[in-house]
Structure formats: structure tokens, C-alpha cells
Amino acid sequence: MAEIKVPFYGHQRQYLSIKEEIDSKMQEVIMSGQYVQGPMLKQFEAELAEYAGIEYAIGVGNGTDALWLTFMALGLGPGDELITNANTFFATAEAMWIAGCTAVLVDCDENTRCIDPQAIRKAITKRTKAIVPVHLYGQCAPMDEIRKIADEFGLFVIEDNAQAIDAAGDTFKIGELSDAVCTSFIIQKNLGTFGDSGALWTKHKYINDKVRKLRNHGSSQRDHHSYGFNSRLDDLHAGILSAKLKHITKWSDMRIAIAKKYDEGLKDVKGIVLPYARPGYRHVYHLYEIETVDAADRDKLLKHLVDSGIDAKTHYSIAVHQQEGFPWGKDARLVGPLTNAEKNAASCISLPMFPEMTDEEVQLTIDAVRAWKK
Ligand SMILES: Cc1ncc(COP(=O)(O)O)c(C=O)c1O
């Protein structure tokens with residue numbers, strides 16, 4: 001294997017850039033003696049709610065839990081259909097199954113790779129209860145169009161925002177047009193802790209109250225329980241996230257600046273398609289995802305990059321419905337064609353992207369893509 005010249009992630013670099021702030025938060029938690037549902041979690045939830053401009057934010061164990069806990073809090077379960085795009089990380093559909101719902105997979109837009117509103121319309125039945133748009137790769141789905149459909153058919157909207165904290169639409173903010181926003185803080189996300197955790201935010205008090213109970217063994221009062229689970233965001237992670245949240249806008253801007261350099265350096269390369277950012281949207285480039293025009297070239301270009309020391313990857317080379325054995329006895333429905341989702345899976349490559357990338361690393365990556373010969 002070639003020596004890695006350009007890594008895919010820069011977790012340690014980011015830590016070193018704000019080491020004192022993170023270390024001090026961790027010390028504060030350790031010395032407080034309260035590590036689970038303690039004061040740091042409360043503080044971080046308040047900071048997150050303020051950042052999101054919304055009433056309630058609730059920390060949970062991970063992004064997948066944030067989704068299914070929200071579905072459960074909304075009373076969604078067996079017999080209820082939830083619509084999402086087929087080209088997402090597996091967990092979006094998995095969360096629907098955990099809640100006992102039917103995952104309905106539809107196509108994405110051929111440019112943005114976010115869910116196609118026309119495909120949503122085609123998939124609606126009497127059993128449809130919710131739309132779960134994914135803000136894929138760091139770009140918002142068209143929430144204004146999705147809201148219109150939801151209002152027309154009386155549906156819930158739950159945003160899967162695992163990849164797009166700090167993104168925005170042209171006329172809307174994340175959370176403004178939905179019932180709840182779910183996010184992941186696993187280390188590789190734009191706001192990530194050193195391990196797993198997640199959160200959701202909502203304007204609805206009943207979702208807040210229900211999820212707070214569900215995440216803590218169905219308990220909101222000592223020794224009193226109803227049906228629930230254990231899915232809490234530890235105070236140590238909350239401290240790390242509290243330190244990092246202050247920097248998220250700056251880090252997003254750094255990602256956007258790197259994306260601009262990629263755009264400029266790669267714009268005339270034949271045989272690849274660069275990411276499409278919708279005019280007026282704030283795309284925060286969780287991933288800088290290119291595609292090969294010819295799907296047969298994807299693995300060749302990927303190998304060329306890896307052989308050149310560029311730690312490129314794929315997100316996601318197998319769409320949800322293409323996973324082996326799909327749907328494993330779970331309840332699912334495909335409303336095709338899924339042409340764009342399948343093309344995306346077959347031809348996607350993610351170039352290294354993290355805020356602390358140096359100019360030299362960006363240039364090395366550009367040079368390696370440009371040096372590729374079909
Ligand atoms: C789009 C999407 N949804 C859900 C998740 C699940 O988050 P987690 O891994 O924290 O459970 C992720 C990331 O992992 C994701 O990228």
C-alpha cells in the first residue's frame with residue numbers, strides 16, 4: 001500500500017488547534033464528579049438549542065438513535081411508511097426499521113444527490129406518515145418544496161442532518177420547516193466528538209419530553225419508569241462538543257474554501273463531475289464527492305488516487321436497496337426508478353476534506369486527480 005500523503009481526516013490536528021479549550025472542558029467534567037445527565041450535558045444542550053435557534057435540544061447516544069427515538073416520540077411504528085432517499089448512509093433506513101416502520105426508498109435529484117421532491121410525491125400512499133430528507137454530503141435538501149408536500153398530505157418531516165450541521169438553504173434554516181432535526185456527532189462528522197454521540201432538536205415540547213424519557217429507561221423521576229432505552233450523551237462528550245461548537249462556523253468556512261480550491265483546480269478535468277452546490281444554499285462539504293461520468297472508471301480512479309498517496313474513499317458505493325439480502329425480512333418499499341441513486345453509488349468518490357487541510361495537501365489531491373489517465 002502506498003504511503004498516505006494526504007489523509008482523509010484531520011482529527012488530531014483539529015484537537016491540537018483548540019487543545020486547551022477541550023482539555024479544560026474535560027477537566028471540568030472529571031472534577032465535577034457528574035458524568036451522566038450531569039451539568040455539562042445540560043449546558044451543551046442549551047448551547048445547541050441556542051445555536052440552532054430552536055426551543056429544545058436533546059443529547060442522545062448517536063445519530064441513529066436520534067432518528068428512531070424521534071420516530072417513536074411521534075408515535076410512528078408498524079404500518080407507517082416513512083420516505084427517504086435510497087442513496088444515504090444505511091442508518092437512515094435502519095432507524096425506520098428499529099422503530100418498526102416501513103422504509104420507502106425513492107430517488108435523488110441528479111445534481112444535488114438530495115431527495116427528489118417529485119419522487120416523494122409518487123411514493124405517497126394512505127400509510128405514509130413522514131418524510132425524512134437527508135442533507136447529504138453537507139447540502140440541504142429542498143426543505144421548502146418538502147414542506148409544501150408535507151402540508152398537502154399532512155405528514156411529519158424529520159431532517160437527517162448527520163452530515164450538514166451549519167448548512168442552510170437559500171430561504172430557510174435547518175429546523176425551520178420540520179418537526180425535528182436529528183444529527184450525529186461521531187468523530188468524522190463536521191461537529192464530532194472523540195467517539196459516538198448524537199442529538200436532536202425540535203420546536204415541539206411533546207417530542208422533547210418523550211425523547212428525554214425514552215433515552216433514560218423511560219424515567220423522568222427517580223425510581224419511576226415506563227418503556228424506554230439507554231441512549232444518553234455522556235457529559236465528557238458534551239464537554240468536548242461544547243468546546244467545538246464555538247468553532248463550527250469557522251470550520252465550515254474552511255471547508256467551503258477548500259471546496260472552492262477543488263472546484264477551481266478540477267473544473268476542466270474530463271470524465272468527472274464535481275459536486276453541485278445549489279445557488280444561495282450554504283453547502284458545508286461534509287464530503288467533497290465527485291463522480292466519474294462513466295461508472296466503469298470509478299474503481300480505476302479510486303485506485304489511482306490511493307496508489308498516489310491520496311486517502312480517497314467512497315460514500316456510499318452501495319445504495320440501501322442494493323445491500324446484500326435487502327430488506328432482510330424488514331418492511332420496505334422501493335418506488336423507482338432509482339436511476340440517480342444507483343448512478344451515484346456506482347460512480348462516487350470522496351476526496352479528502354477536513355478544515356485543517358493544508359494548501360499543499362489540497363494541491364497534491366488536485367494534481368493526483370489531474371494525473372489520472374483513463
Ligand atoms: C446520513 C446519516 N444518517 C445517520 C447517521 C447515523 O449516525 P451515527 O453513526 O451517529 O449513528 C449517519 C452517520 O453515521 C449519517 O451519515
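Helices (H or I, at least four residues) and strands (E, at least two) are DSSP runs, numbered from the N terminus. The structure is a predicted model, in which local features need pLDDT of at least 70 and side-chain atom pairs count only at pLDDT 80 or more, while totals for chains, interfaces and linings use all residues. Residues are numbered from 1 along each chain as its sequence is written, and side-chain values use heavy atoms, with hydrogens and water left out.

The ligand is surrounded by 14 residues, of which Gly 63, Thr 64, Asp 160, Ser 184 and Lys 189 come nearest; a residue counts as near if one of its heavy atoms lies within 4 Å of the molecule. By class, this shell comprises five nonpolar, seven polar and two charged residues, where Ala, Val, Leu, Ile, Met, Phe, Trp, Tyr, Cys and Pro count as nonpolar, Asp, Glu, Lys and Arg as charged, and the others, Gly among them, as polar. At least two shell residues are supplied by each of α4 (63–73) and α5 (91–98).

Polar contacts (pairs of N or O atoms within 3.5 Å; within protein, one must be able to donate a hydrogen and the other to accept it, and residues adjacent in sequence count only if both atoms are side-chain atoms) link the ligand to the protein. Oxygen atoms of the ligand lie 2.7 Å from a side-chain N or O atom of Ser 184, 2.8 Å from a backbone N or O atom of Gly 63, and 3.4 Å from a polar side-chain atom of Asn 62. Taken alone the ligand exposes 380 Å², and the protein buries 93% of that; accessible areas come from the Shrake-Rupley method with a 1.4 Å probe, and for residues only the protein chains shown count as cover.

Asn 62 also caps the N-terminal end of α4, with a side-chain oxygen 3.1 Å from the backbone nitrogen of Thr 64. In α4, eleven of eleven residues are buried, that is, under 20% relative accessible area, as against exposed (over 50%) and partly exposed (in between), with a 1.4 Å probe and protein chains only. Among the buried residues of α4 are Trp 68 and Phe 71. The helix is followed by Gly 75, whose phi is positive, near 80 degrees.

The loop between β5 (156–160) and β6 (180–184) contains Ser 178 as well as Ala 167. Ser 178 is buried, with a relative accessible area of 3%, and a polar atom of its side chain lies 3.4 Å from the backbone oxygen of Ala 180. Ala 167 is likewise buried, at 8%. Its C-alpha lies 5.6 Å from that of His 283, although Ala 167 and His 283 are 116 residues apart in sequence.
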